[in-house]
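The following paragraphs lead the reader through a single protein model, beginning with one charged residue and its partners and ending with the overall arrangement. Please keep the sequence and the structure in view while reading.

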Amino acid sequence: MSKPSFVAGGHYSAYVEVRHLKRMNDLDGAKELLLRLVDATEAEAAAEGEGCGVDPWYYEQLAMIYRKKKQPADELAILERHERQPKAPGTVSERLAKRLAGLRPKADE
(Lines give C-alpha, C1' and ligand atoms only; values in the text may rest on other atoms or scores of the structure.)
Protein backbone atom coordinates (compact mmCIF):
# COMPACT_ATOMS: atom_id res chain seq x y z
CA MET A 1 0.00 0.00 0.00
CA SER A 2 1.34 3.42 -0.94
CA LYS A 3 1.65 6.18 1.63
CA PRO A 4 -0.54 9.23 0.97
CA SER A 5 2.50 11.47 0.44
CA PHE A 6 4.01 9.24 -2.24
CA VAL A 7 3.75 9.64 -6.01
CA ALA A 8 4.94 6.80 -8.24
CA GLY A 9 6.92 5.25 -5.38
CA GLY A 10 8.67 8.39 -4.16
CA HIS A 11 7.89 11.05 -1.59
CA TYR A 12 6.51 14.18 -3.25
CA SER A 13 9.44 16.26 -1.99
CA ALA A 14 11.87 14.18 -4.09
CA TYR A 15 10.51 15.38 -7.43
CA VAL A 16 13.03 17.95 -8.55
CA GLU A 17 12.27 17.15 -12.19
CA VAL A 18 9.55 19.81 -12.10
CA ARG A 19 12.34 22.35 -12.55
CA HIS A 20 13.79 20.34 -15.41
CA LEU A 21 10.43 20.07 -17.16
CA LYS A 22 9.92 23.82 -16.83
CA ARG A 23 13.41 24.54 -18.17
CA MET A 24 12.66 22.30 -21.16
CA ASN A 25 9.43 24.29 -21.64
CA ASP A 26 7.36 21.15 -21.05
CA LEU A 27 4.76 23.09 -19.11
CA ASP A 28 2.05 20.49 -19.66
CA GLY A 29 4.29 17.75 -18.25
CA ALA A 30 5.24 19.94 -15.30
CA LYS A 31 1.58 20.78 -14.70
CA GLU A 32 0.53 17.12 -14.69
CA LEU A 33 3.28 16.21 -12.25
CA LEU A 34 2.60 19.21 -10.01
CA LEU A 35 -1.09 18.35 -9.78
CA ARG A 36 -0.18 14.87 -8.56
CA LEU A 37 2.30 16.36 -6.09
CA VAL A 38 -0.30 18.80 -4.77
CA ASP A 39 -2.62 15.85 -4.19
CA ALA A 40 0.18 14.07 -2.32
CA THR A 41 1.06 17.00 -0.07
CA GLU A 42 -2.64 17.44 0.75
CA ALA A 43 -3.01 13.72 1.48
CA GLU A 44 0.00 13.82 3.78
CA ALA A 45 -1.34 16.87 5.64
CA ALA A 46 -4.71 15.15 6.08
CA ALA A 47 -3.12 11.89 7.25
CA GLU A 48 -0.80 13.62 9.72
CA GLY A 49 -3.55 15.80 11.15
CA GLU A 50 -3.16 18.88 13.29
CA GLY A 51 0.21 20.58 13.07
CA CYS A 52 0.95 19.31 9.58
CA GLY A 53 0.28 21.46 6.55
CA VAL A 54 0.89 21.58 2.84
CA ASP A 55 4.04 22.76 1.13
CA PRO A 56 3.22 25.96 -0.79
CA TRP A 57 5.97 25.50 -3.40
CA TYR A 58 3.88 23.13 -5.54
CA TYR A 59 0.92 25.52 -5.63
CA GLU A 60 3.20 28.43 -6.46
CA GLN A 61 4.78 26.55 -9.37
CA LEU A 62 1.34 25.67 -10.74
CA ALA A 63 0.21 29.28 -10.43
CA MET A 64 3.30 30.38 -12.37
CA ILE A 65 2.60 27.86 -15.12
CA TYR A 66 -1.04 28.93 -15.38
CA ARG A 67 0.00 32.56 -15.60
CA LYS A 68 2.55 31.79 -18.30
CA LYS A 69 -0.09 29.84 -20.25
CA LYS A 70 -2.56 32.73 -19.82
CA GLN A 71 -5.03 30.65 -17.80
CA PRO A 72 -6.16 33.10 -15.10
CA ALA A 73 -9.13 30.98 -13.97
CA ASP A 74 -6.81 28.02 -13.31
CA GLU A 75 -4.30 30.28 -11.56
CA LEU A 76 -7.04 31.61 -9.31
CA ALA A 77 -8.34 28.09 -8.63
CA ILE A 78 -4.96 26.71 -7.52
CA LEU A 79 -4.33 29.70 -5.27
CA GLU A 80 -7.79 29.32 -3.71
CA ARG A 81 -7.12 25.61 -3.27
CA HIS A 82 -3.93 26.48 -1.38
CA GLU A 83 -5.81 29.00 0.75
CA ARG A 84 -8.21 26.25 1.91
CA GLN A 85 -5.39 23.96 3.07
CA PRO A 86 -3.82 23.76 6.52
CA LYS A 87 -0.46 25.49 6.69
CA ALA A 88 2.48 23.88 8.45
CA PRO A 89 3.90 25.79 11.41
CA GLY A 90 6.51 28.22 10.14
CA THR A 91 5.42 27.83 6.53
CA VAL A 92 5.34 31.19 4.80
CA SER A 93 2.46 31.42 2.34
CA GLU A 94 2.18 35.20 2.36
CA ARG A 95 3.39 35.52 -1.23
CA LEU A 96 0.62 33.21 -2.43
CA ALA A 97 -1.98 35.05 -0.37
CA LYS A 98 -0.88 38.37 -1.91
CA ARG A 99 -1.00 36.87 -5.38
CA LEU A 100 -4.50 35.55 -4.70
CA ALA A 101 -5.65 38.93 -3.39
CA GLY A 102 -4.32 40.56 -6.55
CA LEU A 103 -6.17 38.10 -8.79
CA ARG A 104 -9.56 38.27 -7.10
CA PRO A 105 -10.48 41.78 -8.30
CA LYS A 106 -9.47 40.82 -11.85
CA ALA A 107 -11.70 37.75 -11.74
CA ASP A 108 -14.69 39.94 -10.90
CA GLU A 109 -14.21 42.19 -13.96
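In this predicted model, Glu 80 is partly exposed, because its relative accessible area of 25% falls between the 20% that bounds buried residues and the 50% above which residues count as exposed. Glu 80 forms a salt bridge with Arg 104, and the closest N and O atoms of the two are 3.6 Å apart. The pair links distant parts of the chain, since Glu 80 belongs to helix 4 and Arg 104 to helix 5, which covers residues 94–108; 24 residues separate the two in sequence. Arg 104 also counts as partly exposed, with a relative accessibility of 32%.

Arg 104 has a further partner. Its side chain meets that of Glu 83 in a salt bridge, with 2.7 Å from N to O. Glu 83 lies in helix 4 and Arg 104 in helix 5, so this pair ties together parts that are 21 residues apart in sequence. Glu 83 counts as partly exposed because its relative accessibility is 43%. Side chains of opposite charge can pair when their charged atoms come close.

How many salt bridges does the structure hold? The total is eight. Another of them is formed by Arg 81 and Glu 42, whose closest N and O atoms are 2.8 Å apart. Arg 81 lies in helix 4 (residues 72–84) and Glu 42 in helix 2, so this bridge ties together parts that are 39 residues apart in sequence. Are these two residues buried or exposed? Both Arg 81 and Glu 42 are buried. Together with Asp 39, these residues are linked in a network of salt bridges.

Helix 2, which contributes Glu 42 to that bridge, runs over residues 27–48. At 1.5 Å a residue, its 22 residues should span 32 Å, and the end C-alpha atoms are 31 Å apart, so the expected and modelled values agree. Many positions along helix 2 can be followed by their burial: among the buried residues are Leu 27, Ala 30, Leu 34, Leu 37, Val 38 and Thr 41. In an α-helix there are 3.6 residues a turn, so residues three or four places apart point the same way. The buried residues of helix 2 also include Lys 31, Glu 42 and Glu 44. Just after the helix, Gly 49 takes a positive phi of about 80 degrees.

Two neighbouring residues of helix 2 deserve a separate look. Thr 41 is buried, because its relative accessible area is 0%, which is under the 20% limit. A polar atom of the Thr 41 side chain lies 3.2 Å from the backbone nitrogen of Asp 55. Ala 40, likewise in helix 2, counts as buried with a relative accessibility of 3%. Ala 40 and Val 54 are 14 residues apart in sequence, and their C-alpha atoms are 9.1 Å apart in space.

Val 54 appears again among the contacts of His 82. His 82 is found in helix 4 and counts as buried, because its relative accessibility is 3%. Which residues does His 82 contact, leaving aside its neighbours within four places in sequence? They are Val 54, Pro 56, Tyr 59, Lys 87, Ser 93 and Leu 96.

The structure also holds one aromatic pair. This pair is formed by Trp 57 and Tyr 58 and is edge-to-face, with 5.3 Å from centre to centre and 90 degrees between the planes. Trp 57 is partly exposed, with a relative accessible area of 22%, whereas Tyr 58 is buried, with a relative accessible area of 4%.

These details can now be placed in the protein as a whole. It contains five helices and two strands, and from the N terminus on its elements run β-β-α-α-α-α-α. Of the 109 residues in the protein, 39% are buried. Among contacts between residues at least 6 apart in sequence, 62% join residues at least 24 apart. The accessible surface of the protein comes to about 6700 Å², and 52% of it belongs to carbon and sulfur atoms.

Methods. Residues are numbered from 1 along each chain as its sequence is written. This is a predicted model: local features need pLDDT of at least 70, side-chain atom pairs count only at pLDDT 80 or more; totals for chains, interfaces and linings use all residues. Side-chain values use heavy atoms; hydrogens and water are left out. Helices (H or I, at least four residues) and strands (E, at least two) are DSSP runs, numbered from the N terminus. Buried means under 20% relative accessible area, exposed over 50%, partly exposed in between (1.4 Å probe, protein chains only). A polar contact is a pair of N or O atoms within 3.5 Å; within protein, one must be able to donate a hydrogen and the other to accept it, and residues adjacent in sequence count only if both atoms are side-chain atoms. A salt bridge is a side-chain nitrogen of Lys or Arg within 4 Å of a carboxyl oxygen of Asp or Glu. The expected span of a helix is 1.5 Å times one less than its number of residues. Rings of Phe, Tyr and Trp (its six-membered ring) pair if their centres lie within 6.5 Å; planes under 30 degrees apart count as stacked, over 60 as edge-to-face and the rest as tilted. Contact means heavy atoms within 4.5 Å. Accessible areas come from the Shrake-Rupley method with a 1.4 Å probe; for residues, only the protein chains shown count as cover.
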